[in-house]
Structure formats: structure tokens, C-alpha cells
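Let's take a look around this structure together. Have the sequence and the 3D view at hand as you read.

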Amino acid sequence: MKRELQEAETLTDTTTTAIHKLGITFRDGDKSYRYVQLDASAAAAATAGRVLYFTTASYVAGKKIVTDDISTTKQSFVAGIAIGAIALGAHGWIQTWGYNAEVDMFNNADSGASVAVGDAIIGHATTDGNGKLVAAGTAPTHKVVGWATAAMGGLSASTVAVFLEIEEA
């Protein structure tokens with residue numbers, strides 16, 4: 001189901017009660033979004049750039065509730081990227097398709113690698129809310145979040161620009 005924003009609503013607005021049907025999608029130009037609720041038991045409140053996943057129960061029952069806590073879900077249940085702050089238990093929009101300038105990345109200390117243009121980004125297996133690179137030419141082992149559109153250097157960088165390909169509205 002696709003929906004328009006309400007008058008005076010922005011995509012980064014959040015509420016304690018739902019103002020749209022959970023799970024609906026919205027297309028704005030070349031970007032797509034999904035309206036979700038952040039699970040009250042997620043590891044942390046969402047901030048812009050966090051990789052979010054459907055909870056296991058939500059994945060089966062309609063893709064409405066998300067978490068950043070990878071220990072309670074599956075890497076392939078990637079839902080989208082937070083585009084602003086979402087408090088625990090609150091409702092808001094996450095981005096699922098199109099260019100996003102700041103996807104949170106694990107610092108790559110586990111691989112020592114830097115992200116290059118064209119690398120696949122997947123959800124990280126152990127670090128909540130972060131992506132992990134899969135080098136270009138290597139088959140991703142989990143659902144692809146998107147493709148790096150800029151390089152990210154070494155151990156100090158924490159975000160990378162990505163063209164998201166999770167779900168197009």
C-alpha cells in the first residue's frame with residue numbers, strides 16, 4: 001500500500017502513536033521509504049544511518065516492526081536505513097531505496113579493508129545497526145543493503161554513501 005505524507009509531515013517526523021498504517025511505503029522522487037515502529041526492546045534508539053532489520057515475528061507477519069539488535073533477528077531481514085532519530089517504541093519512516101549519504105558501517109577492524117565504489121553492503125553479523133562490506137566480485141552471503149557509491153577509508157571512517165536496493169516502492 002502506498003501513501004502520501006500528511007500535511008506538514010516530514011519524513012523525519014516520529015510519533016508515539018502510529019499516524020499511518022504500519023508497513024506502508026512511500027515514494028519521493030528516486031527514493032523509497034517504509035513506515036515502521038522501532039521495537040521497544042531494540043538495542044538503542046535509531047539515529048540517521050543505522051541499519052535496521054525486521055524483527056523475526058514482524059518479518060513473518062507483515063514487515064512492520066524493526067530493530068537494530070542483530071542478536072534478535074537475521075542479517076537477511078534488512079528493513080532499511082534510519083533517516084533520523086526514532087525513539088524506542090516510536091513510529092517513523094526508514095529509507096529502503098535510492099541514494100543515502102550516510103550508512104553506518106562497522107569500522108572494518110575485522111577485515112582491515114576499506115570500502116570501494118561498487119562494493120556490496122550487507123548487515124553486519126555481530127555489530128548492531130551497522131553495515132559490512134562485501135568486496136566487488138565476491139558474492140554477498142546475505143541480502144544486499146545496497147552498493148557503495150563512494151570510498152570509505154580504513155579504520156577511522158564510520159559512514160559510507162550507498163545506493164540502497166532493499167525495496168523499491
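## A buried threonine in a loop

Let's begin with T73, which counts as buried because its relative accessibility is 9%, under the 20% cut-off. Keep in mind that this is a predicted model. You'll find T73 in the loop between β4 and β5 (78-82).

What does the side chain of T73 reach? It gets to the backbone oxygen of F54, at 2.6 Å. If you set aside the neighbours within four places in sequence, T73 is in contact with Y53, F54, T55, T56 and T67.

## Strand β2 and its partners

Next up is strand β2, which covers residues 31-38. Is this strand mostly covered or mostly open? Mostly covered: six of its eight residues are buried.

β2 pairs with β1 in the antiparallel sense, over four bridges. For instance, T25 has R34 in β2 as its bridge partner. The two strands make a hairpin with two residues between them, and in the turn sits G29, with a positive phi of about 65°.

β2 also runs antiparallel to β6, and six bridges join these two. Here you can spot S32 standing opposite W97 in β6. With strand β4 (residues 65-67), β2 pairs in the parallel sense, over two bridges. In that pairing, Q37 has I65 in β4 as its bridge partner.

## Rings that meet

Now for the aromatic side chains. A pair of aromatic rings is described by the distance of the centres and the angle of the planes. How many aromatic pairs does the structure hold? There are six. One of them brings together F26 and W93: the ring centres are 5.8 Å apart and the planes sit at 55°, so the pair is tilted. This pair links distant parts of the chain, with F26 in strand β1 (residues 25-28) and W93 in strand β6 (residues 91-104), 67 residues apart.

Are these two rings' residues buried or exposed? F26 is buried, with a relative accessible area of 7%. W93 counts as buried too, at 1% relative accessibility. Ring pairs also tie F26 and W93 into a cluster with Y33 and Y35.

## Putting it together

So what should you look for when you turn the model? Try following β2 from its hairpin with β1 to its six bridges with β6 and its parallel pairing with β4. Then pick out the ring cluster of F26, Y33, Y35 and W93, and finish back at T73 in its loop between β4 and β5.

Notes. Residues numbered from 1 in each chain as written. Predicted model: local features only at pLDDT ≥ 70, side-chain atom pairs only at ≥ 80, totals over all residues. Heavy atoms only, no water. Phe/Tyr/Trp six-rings, centres within 6.5 Å; stacked < 30°, edge-to-face > 60°. Buried < 20%, exposed > 50% of the residue type's maximum accessible area, 1.4 Å probe, protein only. Pairing = 2+ DSSP bridges. Polar contact = N/O pair within 3.5 Å; in protein donor to acceptor, adjacent residues only side chain to side chain. Contact = heavy atoms within 4.5 Å.
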